[in-house]
Amino acid sequence: MEELVTGEQAAPALPRLGSPAPSFEAETTQGTLRLEDYRGSWLILFSHPADFTPVCTTEFVGFAEIASQLRERNVELLGLSVDSTYSHIAWVRNIEEKFGIEVPFPVIADLNKDVATKYGMIMPGESTTETSRCVFVIDPEGVVRAMVYYPLTTGRNMDEFLRLIDALQTTDEHGVATPANWRPGEKVIVPPPKTAEDAEERVKAGYECKDWYFCLKDL
Ligand code: BEZ
């Protein structure tokens, strides 16, 4: 893996948007899994601080509730914390018993922090022993397409992950961008012109333009 040299110590290069996601092989509640197993699917790799904690429990319920909607979009979920497989199994069983929700996705038992370190999931300013609430959206070619970081004390918004996936897949399919708070079915942004000639042409193209640099269209 590419390495960055900082002072005396070499730290692993952290994930960057548009670059290949760091590869891994990890023990999970569904056996050994590798990043390469997800080739051809989108992957949401997410970390939580610890099993049997309340905010994390609400998030696991949330991720479990959107798992089938993600599947329809060819997206798999993979959780991670530095807890053991036994702890993950006990917690997932407890969630099913207490909340009536089956957790359908695997959870990495990253006891030696291998994956957490590769992905920069431990934020020492928050905790040196737990992973923060990190989310990596990885596309079917293994490229990091989005990274989202939330603090220990704030549960994540599941609707936003569905929206983010819809936006990324719409961008890939149609070569467009999506505006703030965009939802599927709404107008999209025509990519900015690269030349003065493009700018002139797009004004004539029948898009809904506020000005030469700001044009919307229906899909
Ligand atoms: C929680 O999931 O409730 C939690 C975990 C770590 C720190 C604070 C809250």
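Welcome to this short tour of a predicted model. Among contacts in the chain between residues at least 6 apart in sequence, 64% link residues at least 24 apart. The chain is built from five helices and twelve strands, and its C-alpha atoms occupy a box of roughly 65 × 50 × 30 Å along the principal axes. The notes below start with the chain, then visit the ligand, one serine and an open sheet.

**The chain as a whole**

- Of the 219 residues in the chain, 44% count as buried.
- About 11,900 Å² of the chain is exposed, and carbon and sulfur atoms supply 50% of that area.

**Around the ligand**

- Seen from the ligand, the surrounding residues are Pro49, Thr53, Pro54, Val55, Cys56, Arg133 and Leu152.
- Sorted by class, this shell has five nonpolar residues, one polar residue and one charged residue.
- Helix H1, which spans residues 54–72, gives the most to the shell, with three residues.
- On the side-chain front, an N or O atom of threonine 53 sits 2.9 Å from an oxygen atom of the ligand.
- The backbone takes part too: a polar backbone atom of proline 54 is 3.3 Å from a ligand oxygen atom, and a backbone N or O atom of cysteine 56 is 2.9 Å from a ligand oxygen atom.
- On its own the ligand has 260 Å² of accessible area, and the protein covers 79% of it.

**A closer look at serine 41**

- Where does serine 41 lie? Serine 41 is in the loop between strand E4 (31–34) and strand E5 (42–47).
- Is serine 41 buried or exposed? With a relative accessible area of 15%, serine 41 is buried, because that value falls under the 20% cut-off.
- Leaving aside residues up to four places away in sequence, serine 41 touches Asn74, Glu76, Ile138, Asp139 and Pro140.

**The open sheet of E10, E12 and E11**

- Three strands make up an open sheet, ordered E10-E12-E11, with antiparallel pairing.
- Why does one side of strand E10 (188–189) and of strand E11 (208–211) lack a neighbour in the sheet? Both strands stand at the edges and each has a single partner strand, so one side of each is left without a neighbour there.
- Strand E10 and strand E12 (residues 214–217) run antiparallel and are joined by two bridges.
- At the level of residues, isoleucine 189 has leucine 216 of E12 as its bridge partner.

Definitions and conventions. Residues are numbered from 1 along each chain as its sequence is written. This is a predicted model: local features need pLDDT of at least 70, side-chain atom pairs count only at pLDDT 80 or more; totals for chains, interfaces and linings use all residues. Side-chain values use heavy atoms; hydrogens and water are left out. A residue is near a molecule or strand if one of its heavy atoms lies within 4 Å of it. A polar contact is a pair of N or O atoms within 3.5 Å; within protein, one must be able to donate a hydrogen and the other to accept it, and residues adjacent in sequence count only if both atoms are side-chain atoms. Accessible areas come from the Shrake-Rupley method with a 1.4 Å probe; for residues, only the protein chains shown count as cover. Helices (H or I, at least four residues) and strands (E, at least two) are DSSP runs, numbered from the N terminus. Ala, Val, Leu, Ile, Met, Phe, Trp, Tyr, Cys and Pro count as nonpolar, Asp, Glu, Lys and Arg as charged, and the others, Gly among them, as polar. Buried means under 20% relative accessible area, exposed over 50%, partly exposed in between (1.4 Å probe, protein chains only). Contact means heavy atoms within 4.5 Å. Two strands pair if DSSP finds at least two bridges between them.
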